[in-house]
Number of protein chains: 6
Amino acid sequence: MRILILNPNTTSSVTDLLVAAAKAAAAPTTEIVASTARRGVPYISTRGEAQIGGAIAMETLAENHAAVDAAVVAAFGDPGLFAMRELFEIPVVGMSEAAMLTSCMLGQRFGIVTFAAALGSWYRDCVEMHGLWGRCAGIRSLEESFGTLSAVQSEKEEALVELANTSATIDQADVVILAGAPLAGLATRVRERVPVPLVDPIAAAVKQAEAIVALKPRKPTAGTFRRPVAKPTIGLSEALAARIEMRDEPKMI
Amino acid sequence: MRILILNPNTTSSVTDLLVAAAKAAAAPTTEIVASTARRGVPYISTRGEAQIGGAIAMETLAENHAAVDAAVVAAFGDPGLFAMRELFEIPVVGMSEAAMLTSCMLGQRFGIVTFAAALGSWYRDCVEMHGLWGRCAGIRSLEESFGTLSAVQSEKEEALVELANTSATIDQADVVILAGAPLAGLATRVRERVPVPLVDPIAAAVKQAEAIVALKPRKPTAGTFRRPVAKPTIGLSEALAARIEMRDEPKMI
Amino acid sequence: MRILILNPNTTSSVTDLLVAAAKAAAAPTTEIVASTARRGVPYISTRGEAQIGGAIAMETLAENHAAVDAAVVAAFGDPGLFAMRELFEIPVVGMSEAAMLTSCMLGQRFGIVTFAAALGSWYRDCVEMHGLWGRCAGIRSLEESFGTLSAVQSEKEEALVELANTSATIDQADVVILAGAPLAGLATRVRERVPVPLVDPIAAAVKQAEAIVALKPRKPTAGTFRRPVAKPTIGLSEALAARIEMRDEPKMI
Amino acid sequence: MRILILNPNTTSSVTDLLVAAAKAAAAPTTEIVASTARRGVPYISTRGEAQIGGAIAMETLAENHAAVDAAVVAAFGDPGLFAMRELFEIPVVGMSEAAMLTSCMLGQRFGIVTFAAALGSWYRDCVEMHGLWGRCAGIRSLEESFGTLSAVQSEKEEALVELANTSATIDQADVVILAGAPLAGLATRVRERVPVPLVDPIAAAVKQAEAIVALKPRKPTAGTFRRPVAKPTIGLSEALAARIEMRDEPKMI
Amino acid sequence: MRILILNPNTTSSVTDLLVAAAKAAAAPTTEIVASTARRGVPYISTRGEAQIGGAIAMETLAENHAAVDAAVVAAFGDPGLFAMRELFEIPVVGMSEAAMLTSCMLGQRFGIVTFAAALGSWYRDCVEMHGLWGRCAGIRSLEESFGTLSAVQSEKEEALVELANTSATIDQADVVILAGAPLAGLATRVRERVPVPLVDPIAAAVKQAEAIVALKPRKPTAGTFRRPVAKPTIGLSEALAARIEMRDEPKMI
Amino acid sequence: MRILILNPNTTSSVTDLLVAAAKAAAAPTTEIVASTARRGVPYISTRGEAQIGGAIAMETLAENHAAVDAAVVAAFGDPGLFAMRELFEIPVVGMSEAAMLTSCMLGQRFGIVTFAAALGSWYRDCVEMHGLWGRCAGIRSLEESFGTLSAVQSEKEEALVELANTSATIDQADVVILAGAPLAGLATRVRERVPVPLVDPIAAAVKQAEAIVALKPRKPTAGTFRRPVAKPTIGLSEALAARIEMRDEPKMI
């Protein structure tokens, strides 16, 4: 099967990190393909950027969905996830969603650790959006600034490991999510230095996408996740417009 | 003061309805101005359309915010609301948010009545996004189809009044919200035919925007609603890019 | 319009503070009138005092409601609020309720800061009574004693500002409520010294009362907020008895 | 031990019903004494009446607490319960509270059945006040009118039994509370006609009051349930004023 | 009446502690009998031990239920409680459940203090199982190791009192539960050294069992707490098999 | 990899159904092995049977865990799941848990449909145990009796399909879980007759077990899911005793 890593950020070095971690997690029969947003910001880290990035991810998926079996939204907060789940036939899995749901099978409460200073409040909104706040032990972020996005995981490795340990001991997290696309792959490397399981969101998302594809769920034809009826559009990207106006071919699932 | 009614739909007849209801509710000293989305769909009624519409509303507000004192997001589900609250200095109020918060002062639990068939599940997501599900008595929608958007409130007046009565008696709603931009103004007209208060979201939003402007809250300089630091962008509308890149003038509040 | 500031405390200097802050917030066309409780305690700060104070507020409102367009319950915890909302035709708004609902439009989570030592637990009950605990970032109170009620806001200004800063940074409150009638007016004065918006409950309540009056909601004739049917009473104040026994004139709304 | 049944209603025939059911439930060593409110309304069934009735119950308890070991607030909604728990040294138990907590030991979810038409919404507020909505299977009320309060339980016996059966089968209540002081004693009489346990609030409250007294909990000297510090009062009943002003003797517990 | 203290642990010295505290709390007419698990572990302190211990408690109760009027499950976390409530006619009360529900009548929020290091997370699961997390102020455990189970309460008395004080002051607990069978009796001894009421779970459970027996609730014949229909079994203890296969006598309640 | 289907029921024909559905879902490189409980009841359908069945599942897993890479608890309600997750090094996944978490990636709210009459209340407890009640649209069960367990899915196919349709249309479930081991395989067969995705719990559990094994989470060495310290035991099965007493070899993960 072919899984699309849909990076809604414009930074291709982050896409590279994601692809490497995705390939390491994927089954031998899974092909990983990726897209980097052509529009938007280098790295989504605010509500506004997520609003824009989610809409851009929809454009990208409209261009690519016919060629893949599933897509992974590869930014924290799962921008555009529910929108794409509704609009397309293929399964779409969010990196944050996959990390949290996977964590639920490894303990009662998960902690979230990230490098982005002072985003705790928005992260909590994201957990609540998925109805999983009751399963969350807490959110901890590095407060210090860092150099480049793609190097943050090595630059801050010590501090992130310490934060994960704090999440396990003080917050009593049974499992810790290392959140944020630039941390892709870190969980494997520091696995032995934290006394509870670590979850790498991109790895979890790939396994969840594989699982969903294998289960062959039908596309709904009723309810709010059915494909919406055709509507005219103005000023959208051609592929996205074609999908919303139903000028494209529906995909058989 | 000047309040911008930000219609993220492309249908100008709906904007007209909204403006009429907004003017009827506004204080004599309030000037109502409005924008209709230049891009997007005629009427947002799915998660995907809200994702896109919210991003388009950001573009529109980036062009207009300097000339107004507050903005009202004028579509159900408040597309882009939190994004705009974060990115701009002026107060931004959501029509759904305003309707629900206003309702909280008129009783314990509000019902929501709308004309859009089978959107109940998504509407519930919207209520939960605001943390107000515990104050919601239930959501009821017309199941029948209708003619044009701008005439739906007169075409379906009888059925909508009946639904509001059901919300009050069966669901025990203490107050009923008539939701959806095309119903703007209906609440006033049928006020005497439902035994509990009716809330018109656009009217509520105008009054709430007036209230917030009058209270002169400062723009946060800390936390997740401060204006984000400048970031490079690619391919965004000029005004939105200027704002995110901080090439524009910050607005003094 | 005429709004009654209903102080359920017996301290007229607190009423004066409230009236000053109310007038500063009111629209030019709004007339602020006030009442100080003739019975009760100087300052409600316990559950028992709120039980009594709420009943006394009902007596006062029974005497005055016919002459005003709305009433504001001007003590933390909104004593008697739901009772008066049910018994009278005019809108009744609680100071705490108004502060919290207004805050919801300024961020995701509000903090509450107050001067009254060790009331946190009861304050939490009040937030939960309104179903808004999920929107609350935390409650912080001064632990030190103070001189007079009416001077507490100047005497403790430094400490209160510091507490509000802690609420914003440590609790990640997006907006901070300065709670308690004796703090009326403080938010405006220290606005620039806290990096997130401050909400003054009496100012918020006046704006919300103005908004509700302008929206002209009907008095329910069904549900639990309709005016109750006439009942005999024994030993109540004359005006309150007349209202409950329906010997008075119903007010047209 | 001596337990005071504190009827905040002015109807002595309801007190008689309560006392009979209380005596039937009490241990041989328990003496049941009762008071009927001298002020107020015949039967509390609205928020406003509960606000007033709770304050009146405080007056009555201030006169009687020294002579008893515990008090039971004998009206649905537990008017004044938390206020009295705070102000007095003796344990105070609410009839609704006791019914719900007792029910929690007889199954996962309790239903509430009552005779009072259309009070469901207020009843839900009461369950939520105790944080027990998650344990509640639903609330059902008779819609028909009835003759006298003291005879309602025999007049409507058939309908109430049917409602209790509906609560068990449709709402899947594991246990059903027959709520409202005028139903005191009914649960015992119809025990065999409903397939799940029935709880009589006054009986539950007497047993809970006996249990609490036997456990000899200390009166808090810290936190929000300690006895408040002395405050001046104006215009309150002599006994209540003496308690709040601390002119009376503290009771040793 | 006769109440069975069902210790699902194999340590008879803990049973002795429990019996002593139970007798001190019981009414003169209550006979306390006890059983110590013949199989299992010395002291249940993990999820796995609770799973096994609950099943063993069922075996023990199958042997003894006919001779008693009620049973108390005497280990934290109430292992097997709902299973036994369903399978047997007599009331079965959990020690943790009883402690929490009793605490609800002594304040708004209870704290839990225990001697077992690092079990906070599992304790929280137990509180949530009863739907009472909203009434819980927090859980605090000693972190240090201790000597023998039966002597832990004297060895760690100082530290436990300090922890209870912290629960009252920092966590704002209105009442504190001293949790864990080995602490039976401690609450009485240190009553004056903590400023809020202390609840001893075994004492609370005995009083609650007495209350339930006195109320004579019927055994459900519908719903999920009715006695299940007969089923064949393989390899269970003789008494438990007889009960599940309905080869024993049903008990009249 | 090798996954153990741990059937805590004694009915081998149900194990056969489960194995067939598990093999159909498994990856080519996954070997499915199974165990049928040697002790217990034919089919767990009550809280008591789940308590016993969970303890028996622990015995079986103690005998088999060394030879497999993961285990699936194959009965509704996940009996013994958390206990085994704690006690063993290999991943243990519950069939209900896996079905619910997988469903979360296919829509906002899942419905549960089952054949077992009148178990709704207990099913709700199971959903709440996983903290997912907010994601559940409702639970619906057949009310009619049926012939044999292993044939129930063909005998009741029509009725179950109708119930799934009701869940989608009336309850607005975005996805429907066909719950209960005897329905294994049904979802695939009736896939086209319900307009929303159907989830087969055993298939979901196999995919989730494969995903977790592939992610190689470490066994915690801290927190409440670490392997408990050695404890003496009495009267447990040899393999389970050896594990709890730590006389067996720890498994390297």
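How many of the five residues of strand β7 (residues 175–179) of chain B are buried? Five of the five are, so the strand is largely enclosed by the rest of the structure; buried here stands for under 20% relative accessible area, with exposed over 50% and partly exposed in between (1.4 Å probe, protein chains only). Before going further, a word on conventions. This is a predicted model, in which local features need pLDDT of at least 70, side-chain atom pairs count only at pLDDT 80 or more, and totals for chains, interfaces and linings use all residues. Residues are numbered from 1 along each chain as its sequence is written, chains are lettered from A and ligands numbered from 1 in the order in which they are written, and side-chain values use heavy atoms, with hydrogens and water left out. Helices (H or I, at least four residues) and strands (E, at least two) are DSSP runs, numbered from the N terminus.

Back to β7(B), then. In a regular strand the side chains alternate between the two faces of the sheet. Both faces of β7(B) turn out to be covered: on one side sit Val175(B), Ile177(B) and Ala179(B), on the other Val176(B) and Leu178(B), and all are buried. The strand belongs to an open, parallel sheet of four strands in chain B, ordered β6-β5-β7-β8, where two strands count as paired if DSSP finds at least two bridges between them. At the edges are β6 (136–141) and β8 of chain B, each pairing on one side only. Strand β5 (residues 110–114) of chain B runs parallel to β7(B) and is joined to it by five bridges. Along this pairing, Phe110(B) stands opposite Val175(B), and Val113(B) has Leu178(B) as its bridge partner. On the way to β8 (residues 198–199) of chain B, β7(B) makes two bridges, again in parallel, with Ile177(B) partnered by Val199(B).

Helices cover this sheet too. Helix α4 (residues 95–103) of chain B lies across β5, β7 and β8 of chain B, running at about 170° to β7(B). Helix α7 (residues 157–169) of chain B lies across β5, β6, β7 and β8 of chain B, at about 160° to β5(B). For such angles, axes are lines fitted to C-alpha atoms, for helices over the stretch in contact, and the values run from 0 to 180 degrees between N-to-C directions. Contact itself means heavy atoms within 4.5 Å.

Chain C can be read in similar terms. Four strands form an open sheet in the order β6-β5-β7-β8, with parallel pairing; its edge strands are β6 (136–141) and β8 (198–199) of chain C, each paired on one side only. Five bridges link β5 (residues 110–114) of chain C to β6(C), and Ile112(C) has Ile139(C) as its partner there. Helix α5 (residues 120–129) of chain C packs on the sheet, touching β5, β6 and β7 (175–179) of chain C, with its direction at about 150° to that of β6(C). Helix α7 (residues 157–169) of chain C lies across β5, β6, β7 and β8 of chain C, at about 160° to β5(C).

Now for how the chains meet. Helix α2 (residues 47–64) of chain C and helix α2 (residues 47–64) of chain D have axes that come within 9 Å and cross at roughly 125°. The two helices are therefore oblique to each other (under 35 degrees counts as roughly parallel, over 145 as roughly antiparallel, 65 to 115 as roughly perpendicular and the rest as oblique). Residues making the contact include Gly48(C), Ala50(C) and Met58(C) on α2(C), and Gly48(D), Ala50(D) and Met58(D) on α2(D). Some chains keep apart: chain B and chain E do not touch, their nearest C-alpha atoms being 14 Å apart, and no contact joins chain C and chain F, whose closest C-alpha atoms also lie 14 Å apart.

His130(D) sits in the loop between α5 (120–129) and β6 (136–141) of chain D. This histidine is buried, at 2% relative accessible area. Leaving aside neighbours within four places in sequence, His130(D) contacts Asp78(D), Leu81(D), Phe82(D), Glu97(D), Met100(D) and, from chain E, Arg135(E).

As for symmetry, a rotation of 180° with 0.0 Å of shift along its axis superposes chain F on chain A (RMSD 0.0 Å), by least squares on the C-alpha atoms of residues with pLDDT of at least 70 in both. That is the relation of a two-fold axis. Of the residues of chain F, Leu101(F) comes closest to the rotation axis, with its C-alpha at 3.0 Å. A rotation of 120°, also with 0.0 Å of shift, superposes chain D on chain F (RMSD 0.0 Å), the relation of a three-fold axis. In chain D, the C-alpha nearest that axis belongs to Gly134(D), 6.8 Å away.
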